[in-house]
Structures are given as structure tokens and as C-alpha cells.
Amino acid sequence: MQGSALALSPSTPFLKPPCRIPSYKLSHLPALTSFPQLHRISSVQRLHWQTAFGTFSSYSSSSFNAEIPASFLFSNSRCDSFKVRASQPATPGPESAGESSESSGLTPTLQLGAMFGIWYLLNIYFNIYNKQVLKVYPFPATVTAFQFACGTVMIILMWALNLYPRPRITRSQIATILPLAVAHTMGNLLTNISLGKVAVSFTHTIKAMEPFFTVLFSALLLAERPTIWVVSSLVPIVGGVALASFTEASFNWIGFGSAMASNITNQSRNVLSKKFMANKEECLDNINLFSVITIISFILLLPSAILLEGVKFSPSYLQSAANQGLNIKELCVRSLLAGFCFHTYQQVSYMILQMVSPVTHAVGNCVKRVVVIVSSVIFFQTPVSPINSLGTAMALAGVFLYSRAKRIKPKPTAA
């Protein structure tokens, strides 16, 4: 269920490159005859397209007036005004300037650290509760539909209470989002199938193969040629997953195949999101995009779960789960907690994506996978051999190297 954060990898637009924020009236400022500090700047700027499922970048040269960058606007519609200060003749002393810079730099750092901690903690609890439910209630389609239902209720409350602005969705946007929602639904369903069949640590080790499929689909569908550094980083990923698979005590072909298939669906979703983003003019921010996809996924999966597994909320099935270690009350409570953690950790992931660079987010996601694997091994007391640990470490190290290799840009070819 680890979408790329979405990663399903957390505002920036989804369906077009980020446009500049329109100029705001400086009605709260004293009358100024000129703005000497707000001169025109000519620079080469790196434009990031950050979507709920992937981040893409390009370079462009432009000349622009001093503006508030889009990446610093966190959809705060309640903000009354923006204050712009020109340089004052009397500058503060070095001591006061140092104190203010330290205090202003410490607060965002603490806030970001708390966000990463919440992200990791929610992931740990989701994987533990989800595994406990799937062990005694082996109906992954029903469980996944229930988790999407929890997310849908939270989204409706968020919009109804004006905690976040509700978007206006057009038919063209629905047509564009629908294939992404289908891939998102399949990715989460396949991940739950894998979690029900094999250990949590093994599922997340297999899902470390996501960069491999990202490079593959980008080359096939977008004609993007990876650098030698990116290709080199895939070697320890593939080798580590293979080594961990050969020595996994809980190995199961259904669990292995479904986790690998979830990689394919999730990364095809990421590549499609980039393709649609470049061609469409409407835009949705990350949180609203994820919200719309969650609702569509629930609508798609509910009838499919009934068709595939039948109605499994009857007292007989709940009693069967109770006979395997969880009573009905514990099953319902842990299912609710898993659904809450599932939706919330993805929302937090998108909030972090708005606060840091894409590479930092990718490194944080790699660390998150390590934290989830270690915590699940400790909690479920999963037997792990030294060779299995080596394979897992190799795969995770490769993911880290991949995130670093993406920063290395190819040298421009001479005309």
C-alpha cells in the first residue's frame, strides 16, 4: 500500500507545469513611489512538476518580476495579505540579525522533522494493523475497499468543514484522472494481496524495485534515455531483491507476483501522470488530486470486491476471523485504524513534498521503507537470515543511490 508517495509519494499543479502566481495587490503597504529592490531578474530556473505520484523537472531560461514562488504557497486561502519589504536604510545589528535567522531557520526544521516522524509512525502502524487484519480476514479486495471508504469519509469531512478548499471538477478532468485512479486502485489491491500472503518485510523489499519500472516505462512510453548513473544504481536494486527472494522464509509466488505487479501498476501510473500533465490545461493540486482519486477508487473497487469475494461482512465471516485470534471488536477497531493510517500517511507525504525538494522526499521515502521493514521484523518476530538481510540492504542502498543519481543531469550536447 505504499504508494509513491503517492508514493499514491503530497501545492503544485498536476495537469500542467506550474504557472506563476498572479500579482497580489499590495494594499496593506504604505505608499511607495518605486520598488528598487524588486528589479527584474534573469536566471535559469529549474521547474519542478510535483504530482501526487511523481516529480519531474526541466530547465528553462526566463526573465521575470520578483514574485512569490508557487512552491511556497500551501493553498492557504485564509491568508489576508502578503507583506513585501524593501531594504531599509537602518539595518539591524549583526547579533539581532543572527538571532532572528537562527530562530526563523530552526522552526521550519523542527516542523519538517515532526512531519517526517508522523509520516514514518503512520506507516508503521498501518502495516502492522493491516497485516493483523489480513491474517485473520483473508479478503484483500474487501479490506482495500474498506480503506478507500475510510479515506472517502475523511475527504468529505475535510471539504464539508472547509479544512481544505473543494475543487471544481470538469468532465475533461475526470476523463484524465480515471486511468490514474484505475492504476491506483490496482496498485493498492495488489499490495494488500501480497501483504496477506508473505511477510511485511518481504513485500517492502520487493517494492524497492519501483525505480527499475520507472526507468523502464519512461524509456518505453516517454522515450527518455536514463543516464549511466541511473542504470548503475538499478544493479544493486535488482540483485538485492533477487537475493532476498531466494532466501525468504515466507516466500510465496502469489505474494511475490502481486507485489511485483503492484510495482508495475504504480509506476505506470506515475509515467501516465507526467504524460497527461504535459498535455492538459486544467490543474489540480496534489491533495485534491489524491482526494478525487481516492473517491473514484472506492466507487470502482466496491462493486468489484463484491463481485470477486462476495459480501464478507456477514456475522459468520466475522466470527470465523474471531476464531483465528481477533474478536469482532478488535477486528473492527484495527480495520478502522488501518484505514485512518492509510489515508493520513499519504496526505502527510504530499504535505512534505510541498516543503522539500523531490530528491529529499525520495531519500526520506527510502528511509521510511527501512523503518517499516525493521519495525515489522521486530513486531512480528519474522525470521531473517544473514543472506536475506544482505539482499534487503543491497536493494535499499540501490534505491538511495538511484535517488542521488537522478540529481546528475546529462551534459548538453553541442549543437
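Here is a walk through the structure above, from the overall fold down to a few side chains.

Keep in mind that this is a predicted model. The chain has 12 helices and two strands. Going along the sequence, the pattern reads β-β-α-α-α-α-α-α-α-α-α-α-α-α, so the two strands come before the helices. As for packing, 45% of the chain's 415 residues are buried. The accessible surface adds up to about 21500 Å², and carbon and sulfur atoms account for 66% of that.

Let's turn to the charged side chains. As general background, side chains of opposite charge can pair when their charged atoms come close. Searching the whole structure turns up two salt bridges. One joins the side chains of Lys207 and Glu210, at 3.6 Å from N to O. The other joins Glu210 and Arg369, with an N to O distance of 3.7 Å. That second pair is worth tracing on the model: Glu210 sits in helix H5 (residues 210-222) and Arg369 in helix H11 (residues 358-380), so the contact ties together parts that are 159 residues apart in sequence. Put the pairs together and you get a network of salt bridges linking Lys207, Glu210 and Arg369. Are these residues buried or exposed? Lys207 and Glu210 are both buried, and Arg369 is buried too.

Next, have a look at helix H8. It covers residues 286-309, which makes 24 residues. At 1.5 Å a residue, H8 should span 34 Å, and its end C-alpha atoms are 32 Å apart, so the expected span and the model agree. H8 does have a bend in it, though: about 25° at Leu301. A proline, Pro303, follows that residue within four residues. What comes after the end of H8? The helix is followed by Gly310, which has a positive phi, near 80°.

Finally, move out to the surface. Val153, Leu157, Leu161 and Leu163 form a nonpolar patch there, and together these side chains' residues have about 410 Å² of accessible area. Val153 belongs to helix H2, which runs over residues 140-160. How does Val153 itself count? Its relative accessibility is 49%, so Val153 counts as partly exposed; the cut-off for exposed is over 50%.

To recap, the charged network of Lys207, Glu210 and Arg369 is made of buried residues, whereas Val153, Leu157, Leu161 and Leu163 make a nonpolar patch on the surface.

Methods
Residues numbered from 1 in each chain as written. Predicted model: local features only at pLDDT ≥ 70, side-chain atom pairs only at ≥ 80, totals over all residues. Heavy atoms only, no water. Expected span 1.5 Å × (residues − 1). Bend = angle between axes of the 7 residues up to and from the residue. Patch = residues over 30% accessible without salt bridge, like charges linked within 9 Å, V, L, I, M, F, W, Y side chains within 5 Å. Areas by Shrake-Rupley, 256 points an atom, 1.4 Å probe, with all protein chains shown as cover. Salt bridge = Lys/Arg side-chain N within 4 Å of Asp/Glu carboxyl O. Buried < 20%, exposed > 50% of the residue type's maximum accessible area, 1.4 Å probe, protein only.
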